[in-house]
Amino acid sequence: MENERKKKVLISQPMATKTDFEIEEARARATRVLEEKGYEVANTLFDGEWYNPTNMHNRGVVFIPLCFLAKSLEAMSQCHAVYFCKGWENARGCKIEHEAAVQYGLTIFYEEG
């Protein structure tokens, strides 16, 4: 059907110890795999002025990583599946996203290799 939407997927990836290049490279790999499976990847690259650390502090955000996790969980609410990049089990935000995906019955994919 023309009006049928693609299933959406969230990419959960460790970021704390990664360079921007490593994050972008892992995301690109995951996106290729997921698009081959017919999924549309949810946008969880929260950037722009709204997410500038100074602006976030000015809005009263105390724990910036927790704010990003909240936005990720909001994005997950619009998804059918979650793809976990290598190392997810060592990243606290990814572990919380994983538990949410399990508890709410989303399809789960893990990066291979």
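Before I turn to the model, one definition: the expected span of a helix is 1.5 Å times one less than its number of residues. Helices here are DSSP runs of H or I with at least four residues, strands are runs of E with at least two, and both are numbered from the N terminus.

What you have in front of you is a predicted model, in which local features need pLDDT of at least 70 and side-chain atom pairs count only at pLDDT 80 or more, while totals for chains, interfaces and linings use all residues. Residues are numbered from 1 along each chain as its sequence is written, and side-chain values use heavy atoms, with hydrogens and water left out.

Let me begin with helix α4. Its 12 residues should span 16 Å at 1.5 Å a residue, and the end C-alpha atoms are 17 Å apart, which agrees. The buried residues of α4 (buried being under 20% relative accessible area, exposed over 50% and partly exposed in between, with a 1.4 Å probe and protein chains only) are C94, E97, H98, A100 and A101. They lie on the same side of α4, because they cover an arc of only 165° around the axis, where the arc is that of the directions from the helix axis to the C-beta atoms. As general background, an α-helix has 3.6 residues a turn, so residues three or four places apart point the same way. The face of α4 turned away from that buried side carries the exposed residues R92 and Q103, and what covers the buried residues includes β1, α3, β3 and β4. After α4 comes G105, with a positive phi near 75°.

How, then, do α3 and α4 pack? Helix α3, residues 64-76, and helix α4, residues 92-103, meet at an angle of about 25° with their axes 11 Å apart, the axes being lines fitted to C-alpha atoms over the stretch in contact, and the angles running from 0 to 180 degrees between N-to-C directions. The two helices are therefore roughly parallel to each other, on a scale where under 35 degrees is roughly parallel, over 145 roughly antiparallel, 65 to 115 roughly perpendicular and the rest oblique. On the α3 side, P65, L69, S72, L73 and M76 meet R92, G93, I96, E97, A100 and A101 of α4, where contact means heavy atoms within 4.5 Å.

Now to helix α1, residues 20-36, whose 17 residues reach 24 Å from first C-alpha to last, close to the 24 Å expected. Its buried residues are I23, A26, R27, A30, T31 and L34, and these are on the same side of α1 because their arc around the axis is only 140°. They pack against β1 (8-12), β2 (40-41), β3 (81-84) and β4 (107-110), whereas the face turned away from the buried side carries the exposed residues F21, E24 and E36. Just after α1, G38 takes a positive phi of about 90°.

Two residues of this helix deserve a word. T31 is buried, with a relative accessible area of 18%, and, not counting residues up to four places away in sequence, T31 touches I11 and V41. I23 counts as buried at 12% relative accessibility and, leaving aside neighbours within four places in sequence, is in contact with Q13, P14, M15 and K18. The C-alpha atoms of I23 and Q13, 10 residues apart along the chain, are separated by 7.8 Å.

Finally, N55 sits in helix α2, residues 53-58, and counts as partly exposed at 27% relative accessibility. N55 touches E49 and W50, again not counting residues up to four places away in sequence.
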